[in-house]
Amino acid sequence: MDRTFELLRQAKEGDKEARSILVQENAGLIWSVVKRFQGRGYEKEDLFQIGNIGLLKCIDNFELDRNVRFSTYAVPLIMGEIRRFLRDDGMIKVSRSLKEINYKVKRETENYEKIWHREPTIGEIAATLQIDEDEIIVAMESGQEICSLHQVIYQGDGDEIHLEDKIEQKEDPIARADNSLYIEELLSTLAPEERKLIEMRYFENKTQAVIASALGISQVQVSRMEKKILKKLRGE
């Protein structure tokens, strides 16, 4: 831990070698995050490079006076960088052949409208391009513009409603895993008795009276400890 903080200090002072060492020594951390995004249609090496950008941002923005492990701070930022890439790049990968067909369809549609002054049917385009109608439909659908979830669909009286507000929210297993990892890192900073109190109170839903009996202290002490611990966790 001291070595990491020393390397961070040197990197912030412009030491490129220290920065490079930090990147090398935290490569395993990036790979552990990349594993969570497998099966998304991207090469692991590409996601690793994106995660590497997140790690560099962590090195630049990490505050040395914060009482938190570098890995605790880095993991959410690395995940965020990868998620941002997946969101901006689009979760659906369109093949080059479909893109080419979609381009031909658009070009043929424009030519047809100039000659006949109306929009052609799928059958007419298929006959001209000698491409199956089903394949043309798939290509056209794949070329539709993807709406941003943050797109404003209503605005009035200073309030905005975004597209994401109208979509049913389902549990995200990756987000749940991210939260579990982050919570575990936070709990690791607590003393054994403090961790036991939090686990009993928030994971086992025990009352303060039950916890007091288990820890051999008064309920008032449990209440004070709980407030103190929560304040500490929020600070981190």
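**Figure 1. H117, an exposed loop residue with a positive phi.** A residue is called exposed when its relative accessible area is over 50%. In this predicted model, H117 comes out at 68%, so it counts as exposed. You'll find H117 in the loop between α6 (96-116) and α7. Its phi sits near 60°, which is a positive value in a residue other than glycine.

**Figure 2. The protein chain as a whole.** Here's the overview to keep in mind for the close-ups. The chain has 12 helices and two strands, and reading along the sequence gives the pattern α-α-α-α-α-α-α-α-β-β-α-α-α-α. Of the 236 residues in the protein chain, 31% are buried. If you take the contacts with a separation of 6 or more, 53% of them are between residues 24 or more positions apart. The accessible surface is about 16,000 Å², and carbon and sulfur atoms account for 50% of that.

**Figure 3. Q130, in the loop between α7 and α8.** Now move to the loop between α7 and α8, where Q130 sits. Q130 isn't a glycine, yet its phi is positive, at about 55°. With a relative accessible area of 74%, Q130 is exposed.

**Figure 4. A negative surface patch that includes D132.** Four residues build this negative patch on the surface: D132, E133, D134 and E135. D132 belongs to the loop between α7 (122-129) and α8 (133-142). Is D132 buried, partly exposed or exposed? Its relative accessibility is 47%, so D132 is classed as partly exposed.

**Figure 5. A salt bridge linking helices α4 and α5.** The structure holds 10 salt bridges, and this view shows one of them, between E81 and K57. The closest N and O atoms of the pair are 3.0 Å apart. E81 lies in helix α5 and K57 in helix α4, so the bridge ties together parts that are 24 residues apart in sequence. The two partners fall into separate accessibility classes: E81 is buried, at a relative accessible area of 12%, while K57 is partly exposed at 35%. As for the chemistry, side chains of opposite charge can pair when their charged atoms come close.

**Figure 6. E124 and R118, paired by their side chains.** Next up is a salt bridge between the side chains of E124 and R118, with an N to O distance of 2.8 Å. E124 has a relative accessible area of 25%, so it is partly exposed. R118 is partly exposed too, with a value of 39%.

**Figure 7. A salt bridge within helix α10, plus a network elsewhere.** What does E199 pair with in a salt bridge? The partner is R195, and the closest N and O atoms of the two are 2.8 Å apart. Both residues lie in helix α10, four residues apart, which is about one turn of the helix. E199 is partly exposed at a relative accessible area of 27%, and R195, at 23% relative accessibility, is partly exposed as well. Beyond this pair, salt bridges with shared partners join E6, R9 and E13 into one network.

**Figure 8. D60 and its contacts.** D60 is part of helix α4 (residues 44-61). Its relative accessible area is 43%, so D60 is partly exposed. Setting aside neighbours within four places in sequence, D60 is in contact with K12 and R19. D60 and K12 are 48 residues apart along the chain, but their C-alpha atoms are separated by 6.6 Å.

**Figure 9. D65, in the loop after α4.** A short way along the sequence, D65 is found in the loop between α4 and α5 (70-89). D65 has a relative accessibility of 69%, so it counts as exposed. Going from C-alpha to C-alpha, D65 and F5 are 9.8 Å apart in space, with their positions 60 residues apart in sequence.

**Figure 10. A nonpolar surface patch.** To finish, here's a patch without charge partners to track. Which residues make the nonpolar surface patch of about 310 Å²? They are I183, Y202 and F203. F203 is found in helix α10, which covers residues 192-203.

Definitions and conventions: Residues numbered from 1 in each chain as written. Predicted model: local features only at pLDDT ≥ 70, side-chain atom pairs only at ≥ 80, totals over all residues. Heavy atoms only, no water. Patch = residues over 30% accessible without salt bridge, like charges linked within 9 Å, V, L, I, M, F, W, Y side chains within 5 Å. Areas by Shrake-Rupley, 256 points an atom, 1.4 Å probe, with all protein chains shown as cover. Lys, Arg positive; Asp, Glu negative; His and termini not counted. Charge placed at Lys NZ, Arg CZ, Asp CG, Glu CD. Buried < 20%, exposed > 50% of the residue type's maximum accessible area, 1.4 Å probe, protein only. Contact = heavy atoms within 4.5 Å.
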